[in-house]
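Thanks for coming. I will go through one model this morning, starting with charged pairs and then moving to the cores and the surface.

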Amino acid sequence: MRVEYDPEAMSKAAFYSFLTSVVVPRPIAWVSTITSDGSTENLAPHSFFSIASTDPPIVQFTSIGRKDSLRNVEDTGEFVVNFSSEPLLELINATAIDHPRSVSEFDTAGIQREASRCVRPPRVAISHVVLECRSHTTLRMGNSTLVFGRVVHAAVDEDCIVDERPSSELLRPLTKLGGDEWGTLGEVRHLSRIPYEEPTAN
């Protein structure tokens, strides 16, 4: 027997809770931005995050409502996605506080900045991977805005590279689950994709 859910008969908050409990695990974009006058840097986690295109390389995160990250991207056209890893859980959670736009989460959480190569917003110095992005486009959808950014530069800690690519097991990605639940990597299984083979005639 299944429990049936009708989004039209539920409150928006209740169905949001349902969706975020079943669309799991979700990678977390730890997004750093800067105000247009350069006075304040913002740092916030966004758990609606994915790759939108590989050629050109474009990543995407979603702002539910008009978060500071979105407003800064709209004003400056730039942002950095900092990799969210398991040891940084407490720091990442500390940057989710809804501070005023004039307050920097780098300062309130005691997070060290690192200068970016190609964009104005700083990197998180202790993040294993950083993706420096320039805004490609934004798309309003219901109560949310999808932010698409072209990756113009990337950097990875050399200790996390195995066989010329970043190793998931060394990166130890942190994910978001339902409610207050967070997920860690756990067991990694290796399974090659099965290639299609043309049937042979008898």
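Let me begin with Glu-41, which is buried, at 18% relative accessible area. The cut-off for buried is under 20%, so Glu-41 falls inside that class at 18%. Before I go further, please keep in mind that this is a predicted model.

What does Glu-41 pair with? Its side chain meets that of Arg-113 in a salt bridge, with an N to O distance of 2.7 Å. The two residues come from distant parts of the chain: Glu-41 sits in strand S3, residues 41-46, and Arg-113 in strand S7, residues 113-114, with their positions 72 residues apart. Arg-113 is partly exposed, because its relative accessibility is 31%.

Arg-113 has another partner. Asp-107 also forms a salt bridge with Arg-113, and here the closest N and O atoms are 2.9 Å apart. Asp-107 counts as exposed, since its relative accessible area is 52%. Through the shared partner, Glu-41, Asp-107 and Arg-113 are joined into one network of salt bridges. In general terms, side chains of opposite charge can pair when their charged atoms come close. The total count of salt bridges in the model is nine.

One more of these pairs is worth showing. Glu-86 and Arg-172 form a salt bridge, the closest N and O atoms being 3.5 Å apart. Glu-86 lies in the loop between S6 and helix H3 (89-94), and Arg-172 in the loop between helix H5 (168-171) and strand S13 (175-176), so the bridge ties together parts 86 residues apart in sequence. Both ends are partly exposed: Glu-86 has 30% relative accessibility, and Arg-172 has 37%.

Staying in that loop between S6 and H3, we find Ser-85. Is Ser-85 buried or exposed? It counts as buried, because its relative accessibility is 2%. Setting aside neighbours within four places in sequence, Ser-85 is in contact with Ile-92, His-128, Leu-171, Arg-172, Pro-173 and Leu-174. Arg-172, the salt-bridge partner of Glu-86, is therefore also a contact of Ser-85.

Now the nonpolar interior. The largest nonpolar core has 16 residues, and those touching the most other members are Val-59, Phe-61, Phe-79, Val-81 and Leu-131. Two or more residues each come from strand S2 (29-34), strand S5 (57-64), helix H2 (68-76), strand S6 (78-83), strand S9 (129-141) and strand S10 (144-156). S9 gives the largest share, three residues.

Take Phe-61 as an example. Not counting residues up to four places away in sequence, Phe-61 touches Ala-29, Val-31, His-46, Phe-48, Phe-49, Ser-69, Phe-79, Thr-145, Leu-146 and Val-147. Apart from this core there is another, of 10 residues, including Trp-30, Leu-88, Ile-92 and Ala-109. Ile-92 has already come up, as a contact of Ser-85.

On the outside, Leu-19, Val-22 and Val-23 make a nonpolar surface patch of about 240 Å². Within that patch, Val-23 is placed in the loop between helix H1 (12-22) and strand S1 (26-27). Val-23 is partly exposed, with a relative accessible area of 48%.

Last, the annotation. UniProt lists residues 21-163 as "domain: Flavin reductase like", in an unreviewed entry. Over residues 21-163 the chain is 15% helix and 46% strand, and the end C-alpha atoms are 35 Å apart.

That is what I have; questions are welcome.

Note on methods:
Residues numbered from 1 in each chain as written. Predicted model: local features only at pLDDT ≥ 70, side-chain atom pairs only at ≥ 80, totals over all residues. Heavy atoms only, no water. Patch = residues over 30% accessible without salt bridge, like charges linked within 9 Å, V, L, I, M, F, W, Y side chains within 5 Å. Areas by Shrake-Rupley, 256 points an atom, 1.4 Å probe, with all protein chains shown as cover. Salt bridge = Lys/Arg side-chain N within 4 Å of Asp/Glu carboxyl O. Helix = DSSP H or I, 4+ residues; strand = E, 2+ residues; numbered from the N terminus. Buried < 20%, exposed > 50% of the residue type's maximum accessible area, 1.4 Å probe, protein only. Core = buried A, V, L, I, M, F, W, Y, C linked by side-chain atoms within 4.5 Å. Contact = heavy atoms within 4.5 Å. UniProt positions renumbered as here; feature names shortened; annotations may be inferred.
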